[in-house]
Amino acid sequence: MSLLNAALRAVFDVALRPFAALPPIVPVAVVALVSGIFALLVYRWTSNQPAIAAVKRRLFGHLLEVRLFNDDLRAVLAAQLRLLRENLTYLRLNLVPLLWMIVPFMLLIAQLQFHYGYEGLEVGERTLLVVDLAPADAGVDQTAPRPPIELEAPAGVAVETAGVWVPSLRQVVWRLRADEPGRHELLVRADGGAFTKSLFVADPEGAAQWVRRSPTRRRAAILDQLLYPAEPSLPRGGPIERIDVQYGTAAISFFGLFDVHWLIAFLILSLAFAFALRNRFGVTL
């Protein structure tokens, strides 16, 4: 999984770099178009198209029954039961292509989230760096002094407070201030090891505003690698479970009409492209 995430990070960084200075709705729309075409191809190759078309005809027929025999309660109830049965059949026929698509779309959404889901810090803005240490062994006093852990920040980031130790959560928290735009590497030293964490500070006059931002770096569990692929995983068995930087949630402009989370815009556009192109690809949805 680590190798796959590394490859996907490289691919998406290169593919989205030409759009970094454009409004985010542009790359989201491009990816939605490609995703809609991919979904249509998957449907054409993995679904039972004749059966789906037949079910849709039967659904339309049962809807006409309800309309034509609306004065006959028994006929209407029977038609509604047939509608329910055919809807379940329609869902079953669509289950196979959906299963084929779920993993690719999860990988795609996870990558796009770290490009368009978070706002970079502005120069002068403050944030918190939170380090979760590995759980203590049984019998260890949770009120013990803070384990030896240190933070080193580059010149563009100021560390405003000493690490605050929260024994009950086994967390160490620092307050940081962004002094210079760009991507910075923070270094956390604990138990003889050194662990990095990226921090992105936006440049209001820079060309690249929409780049990969990672609010968290976690241990190498399968689910965490799937959901948080923006940085390499922390080593298993190490002293640190996760390192978090607080970013704000970003909203993008939907063609100047309203602001929305990028995922909502992506889903709307993907469905719109898929329905618009279904006849050209000979797909019944």
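What span should the 22 residues of α2 have, and how far apart are its end C-alpha atoms? In this predicted model, helix α2 covers residues 25-46. At 1.5 Å a residue, its expected span is 32 Å. The end C-alpha atoms lie 31 Å apart, which agrees.

Helix α2 packs against helix α6, which runs over residues 262-277. Two packed helices are described by the angle between their axes and the distance between the axes. For α2 and α6, the angle is about 45° and the axes are 8 Å apart. That angle makes α2 oblique to α6. The crossing of the two helices is right-handed. On the α2 side, the contact is formed by Ile25, Val28, Ala29, Val31, Ala32, Leu33, Ser35, Gly36, Ile37 and Leu40. These residues meet Trp262, Ala265, Phe266, Leu269, Ser270, Phe273, Ala274 and Leu277 of α6. The residues of this contact comprise 15 nonpolar, three polar and no charged.

The buried residues of α2 are Ile25, Pro27, Val28, Ala29, Val31, Ala32, Ser35, Gly36, Ala39, Leu40, Val42 and Tyr43. Their packing partners include α6. They also pack against α1 (2-16), α3 (49-68), α4 (73-116) and strand β12 (252-253). An α-helix has 3.6 residues a turn, so residues three or four places apart point the same way.

A second helix pair is α1 and α4. Their axes are 11 Å apart, and the packing angle is about 55°. That makes α1 oblique to α4. Helix α1 passes α4 in a right-handed crossing. From α1, the contact takes in Leu4, Asn5, Leu8, Arg9, Phe12, Asp13 and Leu16. From α4, it takes in Leu107, Leu108, Gln111, Leu112, His115 and Tyr116. Eight of the contact residues are nonpolar, three are polar and two are charged.

Strand β6 spans residues 171-178 and holds Trp174. Is Trp174 buried or exposed? Its relative accessible area is 5%; the cut-off for a buried residue is under 20%. Trp174 is therefore buried. Beyond residues up to four places away in sequence, Trp174 touches Thr127, Leu128, Leu129, Val131, Ile149, Glu150, Leu151, Val159, Thr161, Ala162 and Gly163. Trp174 and Ile240 are 66 residues apart in sequence. In space, their C-alpha atoms are 15 Å apart.

Methods: Residues are numbered from 1 along each chain as its sequence is written. This is a predicted model: local features need pLDDT of at least 70, side-chain atom pairs count only at pLDDT 80 or more; totals for chains, interfaces and linings use all residues. Side-chain values use heavy atoms; hydrogens and water are left out. Axes are lines fitted to C-alpha atoms, for helices over the stretch in contact, and angles run from 0 to 180 degrees between N-to-C directions. Helices (H or I, at least four residues) and strands (E, at least two) are DSSP runs, numbered from the N terminus. Angles under 35 degrees count as roughly parallel, over 145 as roughly antiparallel, 65 to 115 as roughly perpendicular and the rest as oblique. A crossing is left-handed if the near helix is turned anticlockwise from the far one by less than a right angle, and right-handed if clockwise. Contact means heavy atoms within 4.5 Å. Ala, Val, Leu, Ile, Met, Phe, Trp, Tyr, Cys and Pro count as nonpolar, Asp, Glu, Lys and Arg as charged, and the others, Gly among them, as polar. The expected span of a helix is 1.5 Å times one less than its number of residues. Buried means under 20% relative accessible area, exposed over 50%, partly exposed in between (1.4 Å probe, protein chains only).
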